[in-house]
Amino acid sequence: MSQIDLALQQDESTSEHAYASRSQWKMMVSRFKKNKRAMVGFWMVVFCVTVALLAPWVAPYDPIEQNMQIMLEGPSLSHPFGTDEFGRDILSRIIHGTQISLMTGIVGVLIAVILGVALGTISGYFGGLADTLIMRIMDIFMAFPSFLLALAIVSVLGPGMINVMIAIGIFSVPTFARLSRSSVISIKDKEYIEAVKAMGGSNLHIIIKHVIPNSIAPIIVLSSMRIATAIITAAGLSFLGMGAQPPTPEWGAMLSTGREYLRVAPHVSTMPGLAIMFLVLGFNMLGDGLRDALDPKMKL
Amino acid sequence: MFAYIVKRLLQVIPTLIGVSILTFFLIHAVPGDPARMIAGPEASAEEVAEVREHLGLDQPLYVQYGKYVSNLLKGDLGVSLRSERPVLDEIMGRFPSTITLTVMAIAVMVVIGLFAGIFSATRPNSLIDNVTMMVSLFGISLPVFWLGLMLILLFSYYLNLLPSGGNDGFSHFILPALALGLSSSAILARLTRSSMLEVINQDFVRTARAKGVKEKLVVYKHTLKNALIPIVTIIGLEFGTLLGGAVLTETVFSINGLGRFIIQSIQFRDYPSIQGSILFVAAIFVIVNLLVDLCYGLVDPRVKYE
């Protein structure tokens with residue numbers, strides 16, 4: 001068969017493949033849209049992202065501006081969520097905090113996806129010594145309770161949101177590596193991969209153009225769920241004083257300071273907690289919906 | 001069976017060695033000079049040198065690791081920089097509180113999670129099932145430290161029913177265990193439901209019903225028993241989550257446990273204590289998962305130990 005024939009055949013198979021994946025994509029979207037809970041989750045996340053993007057314009061007050069005359073005031077018309085121990089408007093702080101929580105969750109998971117998918121793909125595609133070595137290292141990371149591992153990493157790197165993102169990224173790597181490895185193993189012997197190999201496609205080309213795009217679906221689902229975990233973990237680390245430092249309006253840190261005024265001004269810690277729950281619930285519902293839409297039998 | 005136990009025990013050894021390497025390197029991953037970090041920014045050069053020598057940081061890495069492991073094997077986790085007492089003694093003094101809290105949280109998780117899951121699975125897609133699953137979704141999304149504060153607010157401040165902190169008796173652990181266990185019970189409820197639903201439509205369950213077996217027996221003896229493996233696995237894995245979550249719960253409820261010790265050690269840059277405690281908790285987690293593995297045979301006789 002000439003090179004041209006091969007190229008033509010490849011073109012046909014690619015367009016067929018593209019057609020199949022397009023209709024698969026349509027089916028997935030329609031399944032997702034029918035799932036009420038998933039749609040609610042989707043809109044909750046969209047709402048939070050919008051609030052985060054528009055924070056400077058929608059927040060009624062400056063999140064760090066102090067006003068000692070109105071400290072620890074309960075919810076009122078001028079301050080719907082009340083004020084904190086420095087008289088700062090809690091609603092404005094929560095609105096600005098959305099940026100931090102979303103950013104931490106997304107960047108943390110992105111670090112994990114990049115490292116995890118790279119390691120998992122190498123492991124699954126090449127097998128052998130690389131596989132054994134990578135997976136044993138992942139096993140060791142999984143031997144640590146995840147929150148404790150994040151805490152240990154932050155304790156070494158020092159407090160701060162960037163280090164929290166790194167910690168979240170590192171402790172989530174094994175989960176992504178394992179999932180990515182198993183999906184790569186399930187597709188690496190498929191005919192279309194064999195075909196590209198037979199045509200002389202390099203390993204790097206096969207991995208980037210064919211293996212990763214075809215094994216990414218479960219990774220997307222897992223990412224949505226892990227963002228939820230990441231947001232809670234980051235808030236937990238800040239609650240312990242290991243994440244955002246004052247006066248940053250981070251939800252976990254706000255909860256932590258509110259703890260001291262729990263008896264006299266419970267709204268100071270109640271409101272940031274509700275905000276965390278809202279955003280995390282949104283991502284969890286979205287993740288559940290994505291999982292059901294992609295493959296109802298998928299176990300994650 | 002015996003051979004399997006030995007084999008699994010041997011498999012744990014490389015994991016523990018890996019865990020020890022990782023915790024050993026914790027101190028070396030500190031940006032800059034670890035001795036300077038530990039001694040503090042105002043310490044003189046002599047003090048930094050003293051810390052370096054005291055912790056053996058002036059020796060080659062392999063020597064340091066060799067010494068670290070040989071000490072570990074003797075049960076020596078080093079000396080706390082804060083209290084100057086052996087780290088193992090510090091851990092052992094606090095571990096009973098942490099393990100009491102964790103075990104009580106496991107009890108909360110199993111009782112609520114298992115029954116909610118069974119309840120949902122036996123009434124699939126009913127209103128009750130939907131409500132239970134929605135509540136569990138809320139449960140998963142709750143930060144444990146916030147739930148703890150809300151429980152204190154309700155049960156200690158408003159209702160005056162339970163103490164808000166400390167570890168003097170059983171009643172002091174009720175709220176922390178609830179705060180810690182509820183979120184995990186939501187995870188267990190979801191898993192129990194899906195695991196039971198996979199079994200409940202199988203032929204042998206239909207046969208049991210057709211034979212006229214009582215519904216209770218069908219649910220508990222035929223269905224649940226066959227759905228137990230993933231349930232037991234998640235209980236083992238959640239043990240780790242709970243041990244980690246104990247750090248937060250102990251802080252919220254002022255329990256003098258291992259979690260709070262870790263936080264205090266981090267604040268004091270007491271690296272031997274951080275290293276020792278994290279290694280200790282990881283070892284406990286590895287052992288619990290080994291026990292879970294060994295339980296599979298008891299749960300499901302079809303599991304062959306080969």
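Leaving aside its neighbours within four places in sequence, which residues is I231(A) in contact with? I'll answer that in a moment, after one caution: this is a predicted model.

The contacts of I231(A) outside that window are S101(A), T104(A), G105(A), I276(A), L279(A) and V280(A). I231(A) also belongs to the largest nonpolar core, which has 143 residues. I231(A) is among the residues with the most contacts inside that core, together with L148(A), A150(A), L151(A), I276(A) and A282(B). The element that gives the most to this core is helix α4 of chain A, residues 90–126, with 15 residues. There is also a second, separate core of 5 residues, and A121(B), M196(B), A227(B) and L228(B) are among its members.

Next, the interface. On the chain A side 33 residues are in contact, and on the chain B side 37. Four helices of chain A each supply at least two residues to the side that touches chain B: α5 (128–142), α6 (146–157), α10 (217–239) and α12 (267–294). By class, that side of chain A has 23 nonpolar residues, 6 polar and 4 charged.

Now chain B as a whole. Chain B has 13 helices and 0 strands. Its C-alpha atoms fill a box of roughly 80 × 55 × 30 Å along the principal axes. Of its 306 residues, 39% count as buried. If we take contacts in chain B between residues at least 6 apart in sequence, 73% of them join residues at least 24 apart.

On annotation, an unreviewed UniProt entry lists "domain: ABC transmembrane type-1" at residues 95–296 of chain B. In the model, that stretch is 83% helix and 0% strand, with its end C-alpha atoms 28 Å apart. UniProt, again from an unreviewed entry, places "transmembrane region" at 12–30, 99–119, 131–158, 170–189, 227–248 and 278–299 of chain B. I'll take two of those spans. Residues 170–189 of chain B are 100% helix and 0% strand, and the end C-alpha atoms are 26 Å apart. Residues 227–248 of chain B are 95% helix and 0% strand, with 32 Å between the end C-alpha atoms.

Last, a single residue, I17(B), in helix α1 of chain B, residues 2–26. Is I17(B) buried or exposed? I17(B) has 12 other C-beta atoms within 10 Å, so it counts as exposed, the cut-off for that class being 12 or fewer. The C-alpha atom of I17(B) is separated by 8.8 Å from that of V69(B), a residue 52 places away along the chain.

Key: Residues numbered from 1 in each chain as written. Chains lettered and ligands numbered in written order. Predicted model: local features only at pLDDT ≥ 70, side-chain atom pairs only at ≥ 80, totals over all residues. UniProt positions renumbered as here; feature names shortened; annotations may be inferred. Contact = placed C-beta atoms within 7 Å. Nonpolar A, V, L, I, M, F, W, Y, C, P; charged D, E, K, R; others polar. Core = buried A, V, L, I, M, F, W, Y, C linked by C-beta atoms within 7 Å. Buried ≥ 20, exposed ≤ 12 C-beta atoms within 10 Å, placed from the backbone.
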